[in-house]
Amino acid sequence: MPPNFCHGRHDDLLRSAGSAARERGIGCQIRCGCLSSNMTNGRRSTSVDMNSDEKWSRRRAVEVHDETADGFFAEYRGDNIFDSPFRYGRHFIDRAWVRCVSQLPHGATCLDIGCGVGAHMARLLDQGFEVTGIEPSAEMRRLAAKNVPADLVSDGSVLQLPTPDSSIDFVYAIEVFRYLDTRDNAQGHREIVRVLKPGGIYFGTYVNKWALDGFRQLSQLRMLARRVTGAPRRYHVEFETPSSLCDKLRAAGFSQVKAQGAMFAPLRVLHKVSPRLGATVSKLTMPHETWLSDYAPFRSFAGHLIIIARR
């Protein structure tokens, strides 16, 4: 496998950041690196003991998104889902997300965790929902202001949501937990349970451990290469399996948890070999995507792992 095969356009954008964030001196805007037991909004905030790897993964997640914000903004504005593995994969994520939105009551309260450029927030506002977003990347927040009112988006962390208990109907976190390690994921899931109303819906995406794009295997090879060369890590990736992730979410307090697969993962490799070939094959696989990526025996191998859960 060529060394630059990675997890689609999403990781192309992140990889391009490299060491530029450090050179520009971008600081971590996220408050998750300094959680304490102080009182916040009338309740005691959660104390989180951090090791250096946790701090690093949180900081790098913000830095690389500062560096690649313009690229994400452009991807969301693209209108051809077949010429980009990012847009093709997001098409199926969006379909599942829309089904969740259709179940919400009129005027439901929504929270977008890691709202990025605000694309999903804008859609909810257009439908009359009450929505706020948190986004630790300053550059992402700057671009989000082009899609939604700036005062609806604030700096924040999934590890300490700035939201009262049992106050939100719908929480979603698209491509957020992949950047945090196991302990942080557990803490973030508990926070989502805390802010959801009884029966509220959570929608989240994760990285399949055995996805057929070979991303985990490539990550392991890169890890070995770093040990030999001393090259710096790009960013953390947390891999999951559908069954173990469902168990983790139930342990966090969710009462109903369902896993779905989305996107035939080898398409990412085809797009790397030839964008034209990738686009052609994507058009052929689209009618069969439910079977290729969400049929139970194949779910663990899909390009995206989606969780839909209720408190």
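In this predicted model, the charged end of Lys146 sits over the ring of Phe73, with 5.5 Å to the ring centre. That contact is a good place to begin a tour of the aromatic pairs, salt bridges and buried elements of the protein. The fold around them has 12 helices and 10 strands. Of the 311 residues, 54% are buried. Long-range contacts are well represented: among contacts between residues at least 6 apart in sequence, 78% join residues at least 24 apart.

**Aromatic rings**

- Besides the Lys146 and Phe73 arrangement, a search of the whole structure turns up 14 aromatic pairs.
- One of these pairs is Tyr88 with Phe92, an edge-to-face arrangement with 5.0 Å centre to centre and 75 degrees between the planes.
- Both residues belong to helix α4 (residues 85-101), and because they are 4 residues apart there, about one helical turn separates Tyr88 from Phe92.
- Tyr88 is buried, at 0% relative accessibility, and Phe92 is buried as well, at 6%.
- Tyr295 and Phe298 make another edge-to-face pair, with centres 5.6 Å apart and planes at 70 degrees.
- Here the rings belong to partly exposed residues: Tyr295 has a relative accessible area of 43%, and Phe298 comes to 28%.
- Phe72, Tyr76 and Phe86 are joined by ring pairs into a cluster.

**Salt bridges**

- How many salt bridges does the structure hold? The count is 18.
- One of them joins the side chains of Arg183 and Glu54, at 2.8 Å from N to O.
- Arg183 lies in helix α7 (residues 182-195) and Glu54 in helix α3 (residues 52-77), so this bridge ties together parts that are 129 residues apart in sequence.
- Is each partner buried or partly exposed? Arg183 is partly exposed, with a relative accessible area of 47%, whereas Glu54 is buried, at 1%.
- Asp213 forms a salt bridge with Arg268, and their closest N and O atoms are 2.7 Å apart.
- That pair also links distant parts of the chain: Asp213 is in the loop between β7 (196-208) and α8 (215-229), Arg268 is in helix α10, and their positions lie 55 residues apart in sequence.
- Asp213 is buried, with a relative accessible area of 3%, and Arg268 is likewise buried, at 3%.
- The side chains of Arg299 and Asp294 meet in a salt bridge of 3.0 Å, N to O.
- In that bridge, Arg299 counts as partly exposed, at 21% relative accessibility; the cut-off for buried is under 20%.
- Arg59, Arg60 and Glu63 are linked in a network of salt bridges.

**His304 and its surroundings**

- His304 is found in strand β10 and is buried, with 5% relative accessibility.
- Which side chain does the side chain of His304 touch in a polar contact at 3.2 Å? The partner is Arg268, the residue that also forms a salt bridge with Asp213.
- Setting aside neighbours within four places in sequence, the contacts of His304 include Gly89, Ile93, Glu175, Tyr206 and Asn208.
- Also among them are Gln260, Gly261, Ala262, Met263 and Arg268.

**Strands β9 and β10**

- Strand β9 (residues 256-262) is largely enclosed by the rest of the structure, because 5 of its 7 residues are buried.
- β9 pairs with strand β10 (residues 304-310) in the antiparallel sense, over 7 bridges.
- Within this pairing, Gln256 stands opposite Arg310 in β10.

**Helix α11 and its cover**

- Which residues of helix α11 (residues 275-285) are buried? They are Gly278, Ala279, Val281, Ser282 and Thr285.
- The cover over these buried residues includes α4, α10 (266-273) and α12 (289-294).
- Two of those covering helices have come up already: α4 holds the Tyr88 and Phe92 pair, and α10 holds Arg268.

Note on methods:
Residues numbered from 1 in each chain as written. Predicted model: local features only at pLDDT ≥ 70, side-chain atom pairs only at ≥ 80, totals over all residues. Heavy atoms only, no water. Phe/Tyr/Trp six-rings, centres within 6.5 Å; stacked < 30°, edge-to-face > 60°. Helix = DSSP H or I, 4+ residues; strand = E, 2+ residues; numbered from the N terminus. Buried < 20%, exposed > 50% of the residue type's maximum accessible area, 1.4 Å probe, protein only. Lys NZ or Arg CZ within 6 Å of the ring centre and 35° of its normal. Pairing = 2+ DSSP bridges. Contact = heavy atoms within 4.5 Å. Salt bridge = Lys/Arg side-chain N within 4 Å of Asp/Glu carboxyl O. Polar contact = N/O pair within 3.5 Å; in protein donor to acceptor, adjacent residues only side chain to side chain.
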